[in-house]
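This briefing is meant for a reader who is meeting the structure for the first time. Please keep the sequence and the 3D view at hand while going through the points below.

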Amino acid sequence: MTPLTSKVCVVGDFAVGKTSVVERFVTNHFSEEYLSTVGVKIDTKEIDFPTLGMTHKLVIWDVAGTEEFGAREMAYLRGASGYIYVADGTRAATLKAIERLHKQILEAYGAAPGVLLVNKRDLEPDWEVSDERFDAIATRFGNAYRTSAKTGDDVDQAITRLAELIIDNDMRGG
Amino acid sequence: MNDLDQLKELLFGAEKQALDSISERVERREIRTADVADILPEAIHQSHQKDGELVESLTQPVGECVQRGLRDEPETYADALYPVMGPAIRKSIMHALRNFSQQINEAVEHSVSPQGLKWRWQASRAGIPFGEYVLQKTMRYRVEQAYLISRENGLLVDHVHHESSKIKDSDAVSAMFTAIQDFVKESFSPDRTGRLESADMGEFTLWAVHGPHALLVCVIRGVPPKSLRADLSAILERIHFRYGDAIRDYKGDTSTIPDVEVELERCLRFEAREESGETRSGPPIQIVILLLLLVAAAAFFGVRSWMYSQQQDKLDAALNATPGIYVTNIDRSGRNFVVRGLRDPLAADVIDVAGSVDIPADRLTVSMRPFQSLQPEILAARAAQMFGPPESVDISVSGTTLHVSGEAPSVWRQTLQSRFSNLAGVDALDVSRLTASDRAEFSERVASLSRSRFFFRSGVELVEGDAGRLREFASDLANLLEDARSFGYSVAVTARGSTDSIGDAAANAALADRRATFAAGVLASAGVDARTIRQADLDNTDGPQLADVSQRYVQFDLQLESMPDLP
Ligand SMILES: Nc1nc2c(ncn2[C@@H]2O[C@H](COP(=O)(O)OP(=O)(O)OP(=O)(O)O)[C@@H](O)[C@H]2O)c(=O)[nH]1
Ligand SMILES: [Mg+2]
């Protein structure tokens, strides 16, 4: 199997569940405790694509939550092959933040594969993002998921999808 | 124009024009030049793409051009090169200086140690400069791992390590190192040109060498020599030379950078070991000497301070063992002591006590407050002070009882008995072993008065002179009894009447009785207590009846008796 390694960055507003999503994906654990990420946290995980005959190792940079990137965050994003955008379904404002961050990335580093995770799906009753809103942004992003780091719903699917998108992008580009 | 020309014109009109124009172009230099100028860049480009011949053919002429240019117009070249040369020279000088200073450090460190001397000898035998030899011997380090990291995205290009060294997820390590680089650069370098070049972690040193597209990070065990950085830079340069573009475009597919591992593994060859079978060289001799001096000084001050504190303990013990002294605290500053506490005026002097443990008075400050001690020794001393006993008397106190033993005049004993209870802390007196020193003298006085006889002419009429003698005797006796009482003795006085043997025995007995009573009466009138006078049994003699005048008398016998103890 051909190995491929990619840098992906997890971005989004504070406390939307970026670290939780990565933890669910990498170790299949969840913690209610909120330990805000300072700077950046790095994890890796290999995904097998038997049909493509390859393993894809993601080096995941879990960047501290922010509504708008500063110089330091921008430096962390440099060279990323893909982005995991995370918003919090119980706070519509976090979707606005995603749009802002997306724009900043586009301006600084150009287009790159990305998936949007509107997280905390298990808190459906407190949900602030209407289906219309979700659908609208999903069409814009192409790949959007309602996920829950707590139950694990769609987390794997979303990130695996990003891994595929990166491979696609690579093949087209290279 | 002739026919032939006309024919030519007809047949090749168009071609001829072209031919003319071509020949004109070939013949006219300016046009030829313009043509070549037109295609030259393209041609060079193509030729260069095709093979290396162009470079080869240009190398020499271009080289010569440059040489000529340098010779003819050095200023222009100097100006042009200045921005490049300046930093390059500075860098080179700094590098050399760093290496040099490290060499000096080590050379100095090893020049006088035993190890250094040994190396000096070995170096001279091997014909190597000492500095070089030291460098060879002292660099104990090993490059344990090397990471080649893309500067663009922090992805690990390759990673090599010694069999023995432990490896974590090298992709994560590589990313984290890049993140730290970014962090350092963003946080501490205002112009964002700064970068993390080394980090120390216990026995490991992390060195990062930066290339245009890749970062070489080496994990080094021990202390690497500064020159290692140049070696690592050379490796990174080689890697850039071979794979520079591939690394720039690296997106995580290692197959795009084949065999980079071979290059990277060269990093692991850097190591320096201690000579086998040799132990680590000891610290330099100056340091050993300095340490010894320090130890000696510490020992000296330590021992002195220990001695003083021993003295302080002794002084404390001695003072506490001294009756009548109560020490609250002893302070020591250097060799001097300050003693504070309470002292009975009758107790030994603090200075004397200190002298007994070899602390002279000039090292002593005494600040004692007076108090009355009830310690037995002090009570005894106070009793002695109060009663002024004769030398032969011993006074001691046990519990609350005052024991007095030895020999003393009875008078003294009486004072003692009447006043001992004034002494605070004493409520009983034991004089069972106290004897009177004046008893002998007294019994002599008793003896001298004893057996005194007074004679009668007849009946109870005394012979001439004896009436006066009896009165005198009575007053002497009165004095004696008086003295006896005051000295604590009692004296028994017996009056015994006697008659001659003429006449009726019963009458004689009655007469003897009357004579005793008569004499006792005389004594009584002189104040001698009558109770002390006893009638003696009549001296009944069964011999022949004689008118023996010498038998008509009364005799006083005195007996010295001890008085009972007062309560
Ligand atoms: N109910 C629920 N809680 C979640 C979910 N995901 C995360 N949380 C909780 O949300 C809080 C924040 O989660 P984190 O993963 O630390 O958020 P973050 O985006 O990494 O935060 P920063 O690092 O500060 O930017 C934590 O208390 C999590 O337990 C989810 O899917 N459902
Ligand atoms: Mg976090």
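B:Ser550 has a relative accessible area of 36%, and because buried residues stay under 20% and exposed ones lie over 50%, this serine counts as partly exposed. The model is a predicted one, and every value given here is computed from it. The points that follow begin with the surroundings of this serine, pass to chain A with its ligand and metal ion, and end with salt bridges and a surface patch.

**The region of B:Ser550**

- B:Ser550 sits in a loop of chain B, the one that runs between strand S16 (533–535) and strand S17 (553–562).
- Although B:Ser550 and B:Thr499 are 51 residues apart in sequence, their C-alpha atoms are 8.7 Å apart in space.

**Chain A as a whole**

- Chain A is built with 5 helices and 6 strands, and when these elements are read along the sequence they give the pattern β-α-β-β-α-β-α-β-α-β-α.
- Of the 174 residues in chain A, 51% are buried.

**The surroundings of ligand 1**

- There are 23 residues around ligand 1, and those that come nearest are A:Lys18, A:Ser20, A:Glu32, A:Tyr34 and A:Ser36.
- Helix H1 of chain A supplies the largest share of this shell, with 3 residues.
- Oxygen atoms of ligand 1 lie 3.0 Å from a backbone N or O atom of A:Ala15 and 3.4 Å from a backbone N or O atom of A:Lys150, while for A:Ser148 it is an N or O atom of the side chain that is 3.4 Å from an oxygen atom of the ligand.
- On its own, ligand 1 has 650 Å² of accessible area, and the protein covers 94% of that area.

**The magnesium ion**

- Ligand 2 is a magnesium ion, and the OG1 atoms of A:Thr19 and A:Thr37 coordinate this ion at 1.9 to 2.1 Å.
- A:Thr19 belongs to helix H1 (residues 18–27) of chain A, whereas A:Thr37 belongs to the loop between H1 and strand S2 (40–49), so the two threonines tie together parts of the chain that are 18 residues apart in sequence.
- The two threonines fall on either side of the 20% limit for burial: A:Thr19 counts as partly exposed because its relative accessibility is 22%, and A:Thr37 counts as buried because its relative accessibility is 16%.

**Salt bridges within chain B**

- Over all chains, the count of salt bridges comes to 27.
- As a general matter, side chains of opposite charge can pair when their charged atoms come close.
- One of these bridges joins B:Arg221 to B:Glu144, with the closest N and O atoms 2.9 Å apart, and this pair links distant parts of the chain, since B:Arg221 is in strand S5 (residues 214–222) and B:Glu144 is in strand S1 (residues 141–150), 77 residues apart.
- Within that pair, B:Arg221 is partly exposed, with a relative accessible area of 32%, while B:Glu144 counts as buried at 3% relative accessibility.
- Another bridge is formed by B:Arg248 and B:Asp245, whose closest N and O atoms are 3.5 Å apart, and both residues lie in helix H8 (residues 227–248) of chain B, 3 residues apart, which is about one turn of the helix.
- B:Arg248 is partly exposed, having a relative accessible area of 42%.
- The side chains of B:Asp331 and B:Arg340 also meet in a salt bridge, at 3.1 Å from N to O, and both are partly exposed, B:Asp331 at 35% relative accessibility and B:Arg340 at 34%.

**A network between the chains**

- A:Lys57 from chain A is linked with B:Asp169 and B:Asp171 from chain B in a network of salt bridges.
- A:Lys57 has its place in strand S3 (residues 54–63) of chain A, and with a relative accessibility of 14% this lysine counts as buried.
- The side chain of A:Lys57 makes a polar contact with the side chain of B:Asp169, at 3.2 Å.

**A nonpolar patch on chain B**

- B:Leu4, B:Leu7, B:Leu11 and B:Phe12 make a nonpolar surface patch of about 420 Å².
- B:Leu4, one of the residues in this patch, is found in helix H1 (residues 3–27) of chain B, and because its relative accessibility of 52% is over the 50% limit, this leucine counts as exposed.

Note on methods: Residues numbered from 1 in each chain as written. Chains lettered and ligands numbered in written order. Predicted model: local features only at pLDDT ≥ 70, side-chain atom pairs only at ≥ 80, totals over all residues. Heavy atoms only, no water. Patch = residues over 30% accessible without salt bridge, like charges linked within 9 Å, V, L, I, M, F, W, Y side chains within 5 Å. Areas by Shrake-Rupley, 256 points an atom, 1.4 Å probe, with all protein chains shown as cover. Salt bridge = Lys/Arg side-chain N within 4 Å of Asp/Glu carboxyl O. Helix = DSSP H or I, 4+ residues; strand = E, 2+ residues; numbered from the N terminus. Buried < 20%, exposed > 50% of the residue type's maximum accessible area, 1.4 Å probe, protein only. Donors = N, O, S within 2.8 Å, 3.2 Å for Na, K, Ca; no water. Near = heavy atom within 4 Å. Polar contact = N/O pair within 3.5 Å; in protein donor to acceptor, adjacent residues only side chain to side chain.
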